[in-house]
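Reader: I have a structure open and do not know how to read it. Could we go through some of its features in turn?

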Amino acid sequence: MKGFITSLLLWAICFTAQATPQNMDFSQVKDEKPEHWYIQGSEPDTISDDHPTSAGQSLRLNRTSSSEASFASAAQRIPFSYDGQQLTISGWIKTEQVTADGAAFWLRLHSGQDMVAFDNMHGRRLVGDQAWQQVQLSVDVPAGVDSLVFGGILIGTGQAYFADLKLTLDGVAIEKAPKAKFLRAAAPHEFEQDSGIRLTALSQQQHANLAALAKVWGFIKYYHPESAAGNISMDAELFKLIPNVLKADAKARDQLLVQWIKGLGQLNGCKKCKDSTNAALAHPAQHWLTWQLSPELNNALANVYAAELPARHYWVGSVRGVGNPVFNEKSYAEVGHEDSGYRLLAVFRLWNIIHYYSPYRDLTEQPWPQALDTAISDVIAASDETQYLLALATFISAIDDTHTQLWPNQNSTALADYIGRNIAPAEVRFIEDKPVVRLVYDAESALQVGDIITHIGGKPVAERLAYLRPLAAASNEPTRYRQFAWMLLHDNAGQLDLKIERAGQAMQLTVPLVERSSLQRQFGYYNVGDTAYQILPDNIGYVRLDKIAEVDLEQMMQQLADTKGLVIDIRNYPSDFVVYSLGKYLYPQPYPFAKFTQIQPSNPGQFNWAEPIQVGSENPDYYKGKVAILIDEHSQSQSEFTTMAFRGAPKARVIGSTTSGADGDFSSIVLPGGHYTALSGIGVFYPDGTPTQRIGIVPDIEVKPTIAGIAAGRDEQLEAAIEYINQQ
């Protein structure tokens, strides 16, 4: 499913936006296609006379098993400059022989190039043969939206018909909806291209001043009602403050900040005051008292904290239903790395997002305020683009979240050059704390599966790991070494000198390298067959979730119903979200398997518990054999959540090694310069409150691969799963 969504979303931003929705009844036809609609993946004859209410026309999307694309879609894109809370697409849908993935409406909201809201009716799509019925889909509208893509989709095969579509905002036709008011935070400001700040070194006092400014500025950004309403350009305010703060002593700095806060607008007392009594995670009511500020500045912050925030926060919203945060920030993609003001903005922005909107901020190895101090020094001291990006990556790594990587602006080549653009045609895995060749792509290569790499380019492997350490952000050590392995055999040269150990003998090898982009690399360690499911010897069912998209799960489970046991391999990333659709076959009755913590917009920093989530239903025909769930450090995010959902099934055991420890829906964060990172946006726990972040999913039966097993081509975790199923 992730691949499908990515393809759909990338395609959707490639065509030109229209001023308003057009041809919503499909009556205007040109070249046998509906005008103003962009069609992808459908067989011909996209116009039909079939209509739900009268003589009219409908859009027909049609796919067969031989169709090239994996889905068919029709879409329009329009600018979004309206003021409203909830956007709805409605109309009629009919299906004929549509497979289990279904037909649906879809909506996507953009802020610049960033997706800020998306829904495609997952879990509610029409399947099979369905007569015409009225359907609607709604999404909440976060602040900062500037464009909208909408339409209909058919995933899988069959025919889907769409008729008489409508697009409304808070119940009003989109064309007649109120126009969005001018927001200063969204408008261009005087520092848009250059902050005018250049620094190469900081005194101790300047460093302390910047650290204090970062905290106070972020506090005001999220707690001050005028900022939260979008009436203040907080980035511009920061660039005005920095030069004066750098020149001040501690007393003058705090006086400057007090005067700044007073000038931001009137504060009114709260009607619905902040209450974190039963919160899962929240800052103390006066958490700024640890920042070593003057009494007057502390009092100013207390007054801001006591004010009531607007119902919709400009800087952060949440995804409807799930609750993970969506951040509304400018990317400043054209700003150069030499701009010290924007370097500091990157650090200040990210530090405060984690401080207020990470559900796992209390789990960082290094106290988060210390990470701020280090990052300020590092980004100012960076001498070039590479060093600056490494400083950012080091800061990001301190978040201890595998979701939180640094993805540089696509026009930047600095980190690609740092890692190396070429690669040995082989894959490595750390086994028994050693880098072991697990796969060789080139049959002519001097490398062999099972080789232990001891030196790279004449240097011990430990030196290469230290070099790569800033770019190996992870929640836990097994996953960090997964990251290391992915980068280990890179270089910019045409060949790489390696020292290896093979069958106890030391050897020197010179390995030719290939361009990284030319190598189609294998994700995960094992490919057991090339289908979603099969029956292994001894009548054992096997399912791999990275192949599960577009599979008829009912048919699959019927074919596997009489097997002795079932192996569900989640040492991969599921290609579809099957927690509930597959989980219902594993349980005789509902089973609570997780609960979330979610942001509370009225109090930045607060996360409240949501109700426990259940999988399964009353089902006397559930699968009654043993269930073995395979995991390892490639099991991340949705893979971990799926494992949690399935592990409570009768006779189920989780087998393998610790997972990535990064659960919770992904929230994207854009940084100045057009760089990106992310965080795990909701907290995911077992129903009793046991955490999964950083810890990962702990297997019931731990099985780690061995060097001998790798050399022999064995899948020791699958062997253990089969052994468990065969036990009487």
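Author: What follows takes up a disulfide, two sheets, some aromatic rings and one loop residue. Keep in mind that the model is predicted.

Reader: How many disulfides does a search of the whole structure find?

Author: A disulfide is a covalent bond between the sulfur atoms of two cysteines. Here the search of the whole structure finds 1. The partners are C270 and C273, with sulfur atoms 1.9 Å apart.

Reader: Why is the disulfide of C270 and C273 called right-handed or left-handed?

Author: Look at the torsion about the S-S bond. For C270 and C273 it is about 90 degrees, so this disulfide is right-handed. As for accessibility, C270 has a relative accessible area of 22% and is partly exposed. C273 is also partly exposed, at 46%.

Reader: Now the sheets. In what order do the strands of the open sheet with β15 come?

Author: To read a sheet, list its strands across and then check their directions. This one has 3 strands in the order β20-β15-β23, with antiparallel pairing. β20 (490-491) and β23 (514-515) each have a single partner strand, so they stand at the edges, and one side of each has no neighbour in the sheet.

Reader: Which residue stands opposite I423?

Author: Opposite I423 is H490 in β20. Strand β15, residues 422-423, is joined to β20 by 2 bridges, and the two run antiparallel.

Reader: How many strands form the open sheet that starts with β24, and is its pairing mixed or antiparallel?

Author: That sheet has 6 strands, ordered β24-β25-β26-β30-β31-β35, and the pairing is mixed. Its edge strands, β24 (533-536) and β35 (701-702), each pair on one side only. One parallel pair is β26 (residues 565-569) with β30 (residues 626-631), over 5 bridges. Within β30, A628 is the residue opposite V567.

Reader: Which strands does helix α13 lie across?

Author: Read the strands a helix crosses, then the angle. Helix α13 (residues 553-560) lies across β24, β25 (540-544) and β26, at about 5 degrees to β24. Helix α17 (residues 716-726) lies across β24, β25, β26, β30, β31 (652-656) and β35, and its angle to β30 is about 165 degrees.

Reader: What about the rings? How many aromatic pairs are there?

Author: The count comes to 32 aromatic pairs. Take F191 and F239 as a case: their ring centres are 5.7 Å apart and their planes are at 65 degrees, so the pair is edge-to-face. F191 lies in the loop between β12 (172-173) and α2 (204-223), while F239 is in helix α4 (residues 234-247), so the pair ties together parts 48 residues apart in sequence.

Reader: Are F191 and F239 buried or exposed?

Author: F191 is buried, at 12% relative accessible area. F239 is buried too, with 2%. Rings can also be read as a group: F219, Y222, Y223, W288, W291, Y305, F327, Y356 and Y357 form one aromatic cluster.

Reader: Which ring does the charged end of R521 sit over?

Author: The charged end of R521 sits over the ring of W486, 3.6 Å from its centre. In another case, K94 has its charged end over the ring of Y161, 5.3 Å from the ring centre.

Reader: Last, where is A201?

Author: A201 is in the loop between β12 and α2. With 54% relative accessibility, A201 counts as exposed. Apart from neighbours within four places in sequence, A201 is in contact with Q206 and I380. A201 and I380 are 179 residues apart along the chain, yet their C-alpha atoms are separated by 6.5 Å.

Notes
Residues numbered from 1 in each chain as written. Predicted model: local features only at pLDDT ≥ 70, side-chain atom pairs only at ≥ 80, totals over all residues. Heavy atoms only, no water. Disulfide = S-S within 2.5 Å. Buried < 20%, exposed > 50% of the residue type's maximum accessible area, 1.4 Å probe, protein only. Pairing = 2+ DSSP bridges. Helix = DSSP H or I, 4+ residues; strand = E, 2+ residues; numbered from the N terminus. Phe/Tyr/Trp six-rings, centres within 6.5 Å; stacked < 30°, edge-to-face > 60°. Lys NZ or Arg CZ within 6 Å of the ring centre and 35° of its normal. Contact = heavy atoms within 4.5 Å. Axes fitted to C-alpha atoms, helices over the stretch in contact; angles between N-to-C directions.
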